[in-house]
Amino acid sequence: MTPAQRKLIVVSNRGPVSFGRDAHGARVARRGGGGLVTALRSLVSSHEVTWIASAMTDGDHEVVAEARGNAVEERARDGSPYRLRLIAHDEAAYDWYYNVIANPTLWFLQHYLWSLSRVPDFDHGLHHAWSSGYVTVNESFADAVVTELDAEPDAIVFFHDYHLYLAPRLVRERRPDATLAHFVHTPWAQSDYWHVLPAAMRAAVHDGMLANDVIGFHTDRWRRNFVHAAEQIVGAVPDPEARVVGYEGRSILVGANPISVDPEEFEELAGSDAVRAREREILARHDGRIVLRVDRTDPSKNVVRGFSAFEVFLDAHPELHGEVTMLALLDPSRQDIPEYSEYLGAIQRAAREVNDRFQGDGWMPIDLQIDDDFPQSVAAYKQFDVLLVNAIFDGMNLVAKEAPLVNERAGVLVLSENTGAHDELGEWALSVNPFDVAGQADAIYAALMLPEEERRRRQDAIRSHVQEHDLLHWIGAQLHDLEQAAAHAR
Ligand code: F6P
């Protein structure tokens, strides 16, 4: 082990890979989706990692059964070894946890997605899903962490995201001296919005988080919201700079470290055969300029308003019909949840309306692809003229960092002011308010009209920033906070 290596127990709902079978029936490990996994996969190259995650696919469940619930030895893309411990949860408990509480409740809350005069209704079903789903699954995660800590008592436990707000408290009760950290990949909503959640639940969330030694957010904006909410909801006491919070006799470090990507990984991907093949397909379909968006089909990503903005842009600029296409590469997400399947329907309807209105002479204004096709996304990153990221709220948004790294057309970033990425990249992007459809239409036009030199200047600045503030930088900052907390605990 080199001196910089740490023993880490990484805990997240979705693991770095999920298992399936190829056409010949052989087991294959597929890259897990979403920003969290993209970012954390590099951790295993530089540290001694045991990763605890939920078994999600049939293949994952087979792996758990074969390993009799123990960890299995895995290798990352670069060959680095790590241990993977998948938890096979009770099916009904997992359904309540993932499909009732974590996504349509906590995720919606943290991205301000409710229209409060109509939703949510917290009925008995939700209370039951909390106690028999969210609590139960967090207990299983805590059991797995305690088992791993018994084997490696000085390992640092690194929880991630909104699926696991209760687990730190459950581990702390059983291992009071463990070093626990939690990184939140979403925004943290303001205190009043947390008051939509029943009192016992919002208290349990904040109490669970405060069982950690270190809590990390992407930006100061989300960090301050957390500190204020923790003060209001469970009586935590912030120091004047609000970097350390006192709670039940312990001090918790609350930091802001924006997550990033591994630029080398994207450079390598950009030159791969799979990406080049997809790139040829895109160029064969589109010989004009491309306004790109790459997202999960999540209501927080604001796809429908993005299409409306493109419609307003087309209305205002008939001279550009046939010359500019919106390419929307959308990964179908969380389709067992009605809010998500309805949103996917709304996306399809909105695209069709715009296409019905404007298409002609072989030109389709919106090229909508609903698919989980990472090489296609990277290929499109290389070929956009405008990248539209108009999320309602977004903890970070890694697309805004990934795409400019490999883009070959001096493409311009149009970026929502409510993304974590905006705090870092806003000065080189065209900023938009995600609700201002007219403003987004104007920004798309302005981006297309920017002189080449200016586009290049902005893109170079984003690239240099991301190269300098890369994933290793984030990991270093996060571990620094953890070391401080561990030293303090000792
Ligand atoms: O990065 C945010 C995140 O919500 C992760 O927590 C999650 O794993 C990912 O997006 C994808 O979502 P899901 O795991 O529900 O498909």
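Visitor: Quick one to start: is Arg296 buried or exposed?
Guide: Arg296 is buried, with a relative accessible area of 16%; buried means under 20%, exposed means over 50%, and partly exposed is in between, using a 1.4 Å probe and protein chains only. This is a predicted model, in which local features need pLDDT of at least 70, side-chain atom pairs count only at pLDDT 80 or more, and totals for chains, interfaces and linings use all residues. Residues are numbered from 1 along each chain as its sequence is written, while side-chain values use heavy atoms and leave out hydrogens and water.

Visitor: And which residues does Arg296 touch?
Guide: Not counting residues up to four places away in sequence, Arg296 touches Trp107, Lys301, Asp331, Ser333 and Arg334, where contact means heavy atoms within 4.5 Å. With Ser333 there is also a polar contact from side chain to side chain, at 2.8 Å. That term stands for a pair of N or O atoms within 3.5 Å; within protein, one must be able to donate a hydrogen and the other to accept it, and residues adjacent in sequence count only if both atoms are side-chain atoms.

Visitor: OK, so where is the place of Arg296?
Guide: Arg296 belongs to strand 13, residues 289-296; strands (E, at least two residues) and helices (H or I, at least four residues) are DSSP runs, numbered from the N terminus.

Visitor: Which strands share an open sheet with strand 13, and in what order?
Guide: The order is 15-14-13-16-17-18, an open sheet of six strands with parallel pairing, and two strands pair if DSSP finds at least two bridges between them. Its edge strands, each pairing on one side only, are strand 15 (366-370) and strand 18 (430-432). From one strand to the next the twist averages 20°. Strand 13 is joined to strand 14 (residues 324-331) by eight bridges in the parallel sense, and in that pairing Val294 stands opposite Leu329 of strand 14.

Visitor: Which strands does helix 13 lie across?
Guide: Helix 13 lies across strand 14 and strand 15, and runs at about 155° to strand 15. Such angles run from 0 to 180 degrees between N-to-C directions, and the axes are lines fitted to C-alpha atoms, for helices over the stretch in contact.

Visitor: Switching topic: what volume does the second largest pocket have?
Guide: The second largest pocket has a volume of about 640 Å³. On a 1 Å grid over the protein atoms alone, a pocket is an open set of points with protein on both sides within 12 Å along at least five of seven lines, a cavity is a set of points where a 1.4 Å probe fits but cannot get out, and lining residues have an atom within 4 Å of a point. Grid points are joined across faces, edges and corners, and the volume is the space filled by probe spheres set on the points.

Visitor: Which residues are the closest to its centre?
Guide: Of the 26 residues that line the second largest pocket, Phe108, Leu113, Trp114, Val119 and Glu339 are the closest to its centre. Helix 4 (91-110), helix 5 (124-151) and helix 13 (338-358) are the elements that give two or more residues to that lining, and helix 4 supplies the largest share, five residues.

Visitor: What sort of peptide bond joins Val119 and Pro120?
Guide: Val119 and Pro120 are joined by a cis peptide bond, with omega about 5°, and Pro120 is found in the loop between helix 4 and helix 5. Most peptide bonds are trans, and most residues other than glycine have a negative phi. Tyr112, which is also in the loop between helix 4 and helix 5, has a positive phi near 55° and counts as partly exposed at 22% relative accessibility.

Visitor: What about Arg334, where is phi near?
Guide: Phi of Arg334 is near 50°, a positive value in a residue other than glycine. Arg334 lies in the loop between strand 14 and helix 13, and counts as buried at 15% relative accessibility.

Visitor: Last thing: how many cavities of 30 Å³ or more are there?
Guide: There are two cavities of 30 Å³ or more, and the largest cavity has a volume of about 40 Å³. Among the residues that line the largest cavity are Val63, Val64, Leu84 and Leu86, and helix 3 (58-66) and strand 6 each supply at least two residues of the lining.
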